[in-house]
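Me: Please take a close look at the charge pairing in this model. Then set that part in the context of the rest of the chain.

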Amino acid sequence: EYGPETHLNGLQAVGFGWLQYDSVYNCCQRDVAVIASLFRRVGANVSRKVAFYTEESGEPVDAEGKRLIDLDHMTDEDLSYLRQEMAPIFEKAYNNLSKKEITAICIAVAKVAYRAVHSGVIFFEEDLKATVLPLEATQPYINIAGSQGHLIDVEANKVVMNTFLYPEE
């Protein structure tokens with residue numbers, strides 16, 4: 001079975017994203033689709049179990065039996081619960097993240113999910129901004145010394161990469 005509604009397990013999703021049968025650019029676009037799907041899945045799972053709120057919004061009157069988590073004052077118990085709920089993401093991927101880094105990611109995802117719900121945003125591929133490097137990957141291949149490829153502008157790619165990695169500088 002195949003198509004936009006096909007469910008992939010973690011290994012299949014990574015494989016789909018890394019297929020390079022057509023171009024590096026399309027490979028990166030498939031990666032964006034996989035990441036958007038992951039955010040939708042995790043967001044839907046957490047939103048069924050947790051009601052987030054902030055000092056500004058106030059505690060929900062009816063949480064419908066969901067766990068209440070104040071994003072402005074998360075307890076160690078809240079953080080532990082979020083890590084547990086998001087654990088499948090980290091368990092199905094090889095990583096060298098520390099517990100502190102995983103906690104930071106969980107907090108960031110919770111805050112993004114909260115803001116998304118309160119602004120009516122659902123993550124789709126078109127919502128995620130992606131820059132494919134090298135920049136030339138979006139252009140058709142050219143013949144270079146008898147092989148198909150791209151002439152890379154190293155300096156232009158460095159500028160884009162530094163701007164992405166260090167936006168405040």
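**The charge pairs and their setting**

Reply: Glu 77 is exposed, at 57% relative accessible area. Exposed means over 50%, buried means under 20%, and partly exposed lies in between (1.4 Å probe, protein chains only).

A word on the basis. This is a predicted model, in which local features need pLDDT of at least 70 and side-chain atom pairs count only at pLDDT 80 or more, while totals for chains, interfaces and linings use all residues. Residues are numbered from 1 along each chain as its sequence is written, and side-chain values use heavy atoms, leaving out hydrogens and water.

Now the pairs. Side chains of opposite charge can pair when their charged atoms come close. The cut-off for a salt bridge is a side-chain nitrogen of Lys or Arg within 4 Å of a carboxyl oxygen of Asp or Glu. The whole structure holds four of them.

Start with Arg 67. Its salt bridge with Glu 77 has the closest N and O atoms 3.4 Å apart. That pair links distant parts of the chain: Arg 67 sits in strand β2 (residues 67-70), Glu 77 in helix α3 (residues 76-91), and ten residues separate them. Helices (H or I, at least four residues) and strands (E, at least two) are DSSP runs, numbered from the N terminus.

Arg 67 has a second partner. A salt bridge joins its side chain to that of Asp 78, at 3.2 Å from N to O. Asp 78 belongs to helix α3 and Arg 67 to strand β2, so this pair ties together parts eleven residues apart in sequence.

The three residues differ in cover. Arg 67 is partly exposed, at 23% relative accessibility. Asp 78 is buried, with a relative accessible area of 8%. Glu 77, as said, is exposed at 57%.

Another pair lies in helix α5. Glu 155 and Lys 158 meet there in a salt bridge of 3.6 Å, N to O. Both residues lie in α5, three residues apart, about one turn of the helix. An α-helix has 3.6 residues a turn, so residues three or four places apart point the same way. Lys 158 is partly exposed, at 44% relative accessibility. Back at strand β2, salt bridges with shared partners join Arg 67, Glu 77 and Asp 78 into one network.

Helix α5 deserves a little more. It covers residues 154-165, twelve residues in all, and reaches 16 Å from first C-alpha to last, close to the 16 Å expected at 1.5 Å a residue. The expected span is 1.5 Å times one less than the number of residues. Asp 153 caps the N-terminal end: a side-chain oxygen lies 3.3 Å from the backbone nitrogen of Glu 155. Glu 155 is thus part of the cap contact and of the pair with Lys 158.

Helix α5 also contributes to a surface patch. Leu 133, Met 161, Phe 164, Leu 165 and Tyr 166 make a nonpolar patch of about 500 Å². Patch residues have over 30% relative accessible area and no salt bridge; like charges are joined within 9 Å, nonpolar side chains (Val, Leu, Ile, Met, Phe, Trp, Tyr) within 5 Å. Tyr 166 falls in the segment after α5. At 41% relative accessibility, Tyr 166 is partly exposed.

Helix α3 is followed by α4 (residues 99-119), where Thr 103 is found. Thr 103 is buried, at 11% relative accessibility. Its side chain makes a polar contact of 2.7 Å with the side chain of Arg 83. Such a contact is a pair of N or O atoms within 3.5 Å; within protein, one must be able to donate a hydrogen and the other to accept it, and residues adjacent in sequence count only if both atoms are side-chain atoms. Beyond neighbours within four places in sequence, Thr 103 is in contact (heavy atoms within 4.5 Å) with Leu 79 and Arg 83.

The loop between β1 (50-53) and β2 holds Thr 54. Thr 54 is buried, at 13%. Not counting residues up to four places away, Thr 54 touches Asp 70, Leu 71, Asp 72 and Tyr 114. Gly 58 lies in that loop between β1 and β2 as well.

Last, the whole chain. There are five helices and four strands, in the order α-α-β-β-α-α-β-β-α. Buried residues make up 25% of the 169 residues. The chain exposes about 12,300 Å², with carbon and sulfur atoms supplying 57%. Areas come from the Shrake-Rupley method with a 1.4 Å probe; for residues, only the protein chains shown count as cover.
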